[in-house]
Amino acid sequence: MTPKFLKEMRDDIASVFERDPAARSTLEVLLCYPGLHAVWGHRISHWFWTHRLKLLGRFTSHVMRFLTGIEIHPGAQICSSLFIDHGMGVVIGETAEIGCNVTLYHGVTLGGVSLEKGKRHPTIEDNVVIGAGAKVLGAIVVGAGSRIGANAVVNKPVPPNSVVVGVPGQVVVRSKPRAAGPDLNHDKLPDTIGQSLASVMERLEDLEKLLNVHVNDHPTEVVVSINGNGNGKGELGYLQKTDHVHLPAPHVPDHGVWRGEDFMI
């Protein structure tokens, strides 16, 4: 083993202790962390791949996939201190590039969306965290210090220091500086669609109060044109309905919680 490989191994072990509070000893990390085994296996398969031993590189990658449940193409370029937590189902494509101090959780896919040869997988910059089940697709760049929420589908570039949630991924650029160290706050994910909808409902409610309009209890007035000639001229008639109209109007969510009766639940 070269000094560089040994240094990378030490950095990889240190990354486990830094990002997993369940890690208790070096021996436990060496024996019981498949993500670590997969990264080390990839360093070997990548060496074969870059030294024109491509079949041996693919075979080594295949063996590591069988042993760990993590599939990393030997052509992928990975910096030091990649931490794959749990790891089962992680897939990293051939032209993917991963920066330093990146964290991936189980079920993450760094996939391609093209049959063209050449760059077709994402580039993940330094200090990025990608939550469980997230899919990052295509030759896009995820900027440094960003966090991808669990099960998000990312198909467009992500600026540095951003948070991505939803399907398709909604990108929110942070307005506040990120704390030092890995950003593992998976519980702090903005509900971009829900919050926007709630804001519109609140404004509509305020407008109705201002106009003294009650959505669920008002007559309907229909305006019709009589003997019109198609150019906007003619007599106007009014048809009045005196029965009440009951339209479904969901309540504004209370602290992010919607009412079940508004959705027949």
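## Enclosed cavities

A cavity is here a set of grid points where a 1.4 Å probe fits but cannot get out. By this rule, two cavities of 30 Å³ or more are counted in this structure, which is a predicted model.

The largest cavity holds about 50 Å³ of space. Its lining consists of A38, G41, H42, S45, S61, M64, I70 and I72. Two elements, α3 (34-50) and α4 (54-68), each give two or more residues to this lining. The greatest contribution is that of α3, with four residues. In terms of class, the lining of the largest cavity comprises four nonpolar and four polar residues, with no charged residue.

## The second largest cavity

The second largest cavity encloses about 30 Å³ of space. The residues lining this second cavity are D12, S15, V16, Y33, G35, L36, L82, F83 and I84. The elements that supply two or more residues to its lining are α1 (3-19), α3 and β3 (83-85).

With three residues, α1 gives the most to the lining of the second largest cavity. The lining divides into six nonpolar residues, two polar residues and one charged residue. Helix α3 is thus named for the lining of the largest cavity and for that of the second largest cavity.

## A nonpolar surface patch

On the surface, W47, L53, L56, F59, V63, F66 and L67 make a nonpolar patch of about 750 Å². Helix α4 provides the largest share of this patch, namely five residues. Helix α4 also gives two or more residues to the lining of the largest cavity.

One of the patch residues, L67, is found in helix α4. L67 is classed as exposed because its relative accessible area is 58%, where the cut-off for exposed is over 50%.

## Strand β14 and the loop after it

V165 lies in strand β14, which covers residues 162-165. With a relative accessibility of 10%, V165 counts as buried, since the class requires a value under 20%. The C-alpha atom of V165 is separated by 9.9 Å from that of G131, although the two residues are 34 residues apart along the chain.

P168 is placed in the loop between β14 and β15 (170-173). The peptide bond that leads from V167 to P168 is cis, and its omega is near -10 degrees. In general, most peptide bonds are trans.

## Residues with positive phi

Most residues other than glycine have a negative phi. R52, which is not a glycine, has a positive phi of about 65 degrees. This residue is located in the loop between α3 and α4. The relative accessible area of R52 is 79%, so R52 is exposed.

H86 is a further residue other than glycine with a positive phi, in this case near 65 degrees. The position of H86 is in the loop between β3 and β4 (91-92). H86 counts as exposed because its relative accessibility is 54%, against a cut-off of over 50%.

Key:
Residues are numbered from 1 along each chain as its sequence is written. This is a predicted model: local features need pLDDT of at least 70, side-chain atom pairs count only at pLDDT 80 or more; totals for chains, interfaces and linings use all residues. Side-chain values use heavy atoms; hydrogens and water are left out. On a 1 Å grid over the protein atoms alone, a cavity is a set of points where a 1.4 Å probe fits but cannot get out, and a pocket is an open set with protein on both sides within 12 Å along at least five of seven lines; lining residues have an atom within 4 Å of a point. Grid points are joined across faces, edges and corners, and a volume is the space filled by probe spheres set on the points. Ala, Val, Leu, Ile, Met, Phe, Trp, Tyr, Cys and Pro count as nonpolar, Asp, Glu, Lys and Arg as charged, and the others, Gly among them, as polar. Patches are made of residues with over 30% relative accessible area and no salt bridge: like charges are joined within 9 Å, nonpolar side chains (Val, Leu, Ile, Met, Phe, Trp, Tyr) within 5 Å. Accessible areas come from the Shrake-Rupley method with a 1.4 Å probe; for residues, only the protein chains shown count as cover. A salt bridge is a side-chain nitrogen of Lys or Arg within 4 Å of a carboxyl oxygen of Asp or Glu. Buried means under 20% relative accessible area, exposed over 50%, partly exposed in between (1.4 Å probe, protein chains only).
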